[in-house]
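Here is a short briefing to read alongside the model. Please keep the structure open as you go through the points.

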Amino acid sequence: MPLILCIETSSTNCSVAIASDSAITSNTYGAAMVLDILEDNSDSYNHGEKLHVFIDEITTRNGYVMGDYDAIAVSSGPGSYTGLRIGVSAAKGLSFALDVPLIAIDTLKALSTINKIDSEFTAAFLDARRMEVYASIFDRSGKRVLESQPVVIEDDSFIRFRESGTISYIGTGIEKTRELLNIEQQYITEVNPTAAALCALAIDGYKKSDTVDVAYFEPNYLKEFKIGG
């Protein structure tokens with residue numbers, strides 16, 4: 001049974017989890033395959049200071065050593081440029097040093113899987129600048145129907161989906177766009193990405209050998225980094 005270290009740093013939440021298909025599915029972490037999780041869901045970016053401390057702590061407190069991991073999984077974006085760079089760099093370094101596969105998991109896909117609101121579509125949002133979000137939309141079966149993209153929110157954004165059925169929104173940046181999109185409060189789940197959401201996808205990716213090349217893999221930033229812009 002695979003044991004996978006999952007790393008999520010695409011937002012202000014620095015989060016690590018251990019995925020195992022032996023974990024109890026209905027657990028306190030709210031997601032399948034989560035053996036344990038450790039995170040700091042604060043408003044400040046301290047990922048560079050905390051990530052490796054968290055990795056060491058979660059590994060030790062569960063009685064493992066780094067060599068016990070069968071793979072490393074990482075949230076691949078979109079999201080914070082700095083956060084993604086720190087998380088992906090750590091994941092690539094561990095994958096190379098331990099000689100285990102690297103599994104890249106789309107951040108918005110992972111967010112969509114923890115939506116608990118019944119609706120025809122799930123819109124996964126991550127806050128960007130001003131009235132912009134990174135967004136992707138999934139249907140009830142989990143199929144992606146709108147590719148991940150930066151969107152400047154206007155009153156007609158996602159109109160074809162809004163006219164086709166109910167949409168629930170999960171992630172960050174939803175409150176600032178709620179009035180323009182006319183979103184009812186019961187369809188909003190404002191939450192940061194979490195490593196817990198990576199676990200089931202990581203186990204599935206491992207079993208399907210859906211891995212990336214450590215040497216060439218880069219995060220999905222969606223747009224270029226701009227200093228102060």
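The buried residues of α2 pack against β1 (3-8), α1 (47-61), β4 (71-75) and β5 (102-105), where contact means heavy atoms within 4.5 Å. Helices (H or I, at least four residues) and strands (E, at least two) are DSSP runs, numbered from the N terminus. This is a predicted model, in which local features need pLDDT of at least 70 and side-chain atom pairs count only at pLDDT 80 or more, while totals for chains, interfaces and linings use all residues. Residues are numbered from 1 along each chain as its sequence is written, and side-chain values use heavy atoms, with hydrogens and water left out.

**Helix α2**

- Gly83, Leu84, Gly87, Val88, Ala90, Ala91, Lys92, Leu94 and Ser95 of α2 are buried; buried means under 20% relative accessible area, exposed over 50%, and partly exposed in between (1.4 Å probe, protein chains only).
- The 18 residues of α2 (residues 81-98) should span 26 Å at 1.5 Å a residue, and the end C-alpha atoms are 26 Å apart, which agrees; the expected span is 1.5 Å times one less than the number of residues.
- Aspartate 99, just after α2, has a positive phi of about 55 degrees.

**The sheet with β1**

- Here 5 strands make an open sheet in the order β3-β2-β1-β4-β5, with mixed pairing; two strands pair if DSSP finds at least two bridges between them.
- β3 (34-40) and β5 are the edge strands, each with a single partner, so one side of each has no neighbour in the sheet.
- From one strand to the next, the twist averages 15 degrees; axes are lines fitted to C-alpha atoms, for helices over the stretch in contact, and angles run from 0 to 180 degrees between N-to-C directions.
- β4 and β5 run parallel and are joined by 4 bridges, and isoleucine 72 has leucine 102 in β5 as its bridge partner.
- Across β1, β2 (14-20) and β3 lies α1, running at about 150 degrees to β3.

**The sheet with β6**

- Another open sheet has 5 strands in the order β8-β7-β6-β9-β10, again with mixed pairing.
- Its edges are β8 (144-152) and β10 (188-190), each with a single partner strand, so one side of each is left without a neighbour in the sheet.
- β9 (residues 167-171) pairs with β10 in the parallel sense over 3 bridges, and glycine 171 stands opposite glutamate 190 in β10.

**Valine 191**

- Valine 191 sits in the loop between β10 and α6 (199-207) and counts as partly exposed at 26% relative accessibility.
- Leaving aside residues up to four places away in sequence, valine 191 touches Leu111, Ile170, Gly171 and Thr172.
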